[in-house]
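Reader: I would like a close look at a single part of this protein, followed by its place in the whole. Please take one helix and go through it with care.

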Amino acid sequence: MPNANRGAVGFQSSEFEQEYDRPSKSQLKREMEALQKLGEALVAEPRDRVKRVPMPEDVRDAILECQQIKDHEGRRRQMQYVGKKMRTLEQEELDIIQKTIDSWRGASKAETAVMHALERRREKLLADDQALTELRDKHPEIDLQHMRTLIRNARKEQAENKPPKAYREIFQILKQLYVQSNLKKDEDAGEDHPEEDED
């Protein structure tokens, strides 16, 4: 005779089925770590950048507060709190934050490449007098006399181990020339394509 109690333990097997719809523990852990990393990336950015990221105010406040904490243990605890706050965000909000960070990284790479190129040009100016003539050919507006003085002073600074005042000023001038020539390029491009001029 079949046992009527067999399999009847007080709950039905359908109650277990929901368990499998949930992400696994390791999946949840990966997601939490990704959010923690996203929070860390924001904490590492300059404050004015963080303030421009579209996100809820409480999350931004937690990040800005973390940036100010110098104590290692206090910062670690605040970082965990930032991670907790990141987990309250919707997926769309997280996507916007990630896109923003990615755009910074792209810009940062390009900026870094430009800075390195300007540094190389400065070294060339100090090493080779011909480099100044080449620079003047590209930028006729340059104050040649002032640049000669700066180059002479920068060489002297290096030789005498003095603070690199002229050395830094050369870099600033090169940076300015770079920015001006890019603005001119943009203006020229704008004249060719007026519809792109709505930035």
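Author: What follows describes one helix, then the protein around it. The model is a predicted one, and the part chosen here is helix α4, which covers residues 57-68 and so comprises 12 residues by the helix assignment used. From its first C-alpha to its last, α4 reaches 17 Å, a span close to the 16 Å expected at 1.5 Å a residue.

Turning to burial, the residues of α4 that count as buried are V59, R60, A62, I63, L64, C66 and Q67, a list in which the arginine R60 and the glutamine Q67 stand beside V59, I63 and L64. The cover over these buried residues includes three other helices, namely α2 (25-43), α3 (47-52) and α5 (72-86).

As for the setting, the protein contains nine helices and zero strands, and its pattern along the sequence reads α-α-α-α-α-α-α-α-α. Of its 199 residues, 28% count as buried, while the exposed surface of the protein comes to about 15,000 Å², with carbon and sulfur atoms supplying 50% of that area. Among the contacts with a separation of 6 or more, 54% are made by residues 24 or more positions apart.

Elsewhere in the model, aromatic rings deserve a brief word: the structure holds zero aromatic pairs, although R122 lies over the face of Y167, at 3.6 Å from the ring centre.

Methods:
Residues numbered from 1 in each chain as written. Predicted model: local features only at pLDDT ≥ 70, side-chain atom pairs only at ≥ 80, totals over all residues. Heavy atoms only, no water. Helix = DSSP H or I, 4+ residues; strand = E, 2+ residues; numbered from the N terminus. Expected span 1.5 Å × (residues − 1). Buried < 20%, exposed > 50% of the residue type's maximum accessible area, 1.4 Å probe, protein only. Contact = heavy atoms within 4.5 Å. Areas by Shrake-Rupley, 256 points an atom, 1.4 Å probe, with all protein chains shown as cover. Phe/Tyr/Trp six-rings, centres within 6.5 Å; stacked < 30°, edge-to-face > 60°. Lys NZ or Arg CZ within 6 Å of the ring centre and 35° of its normal.
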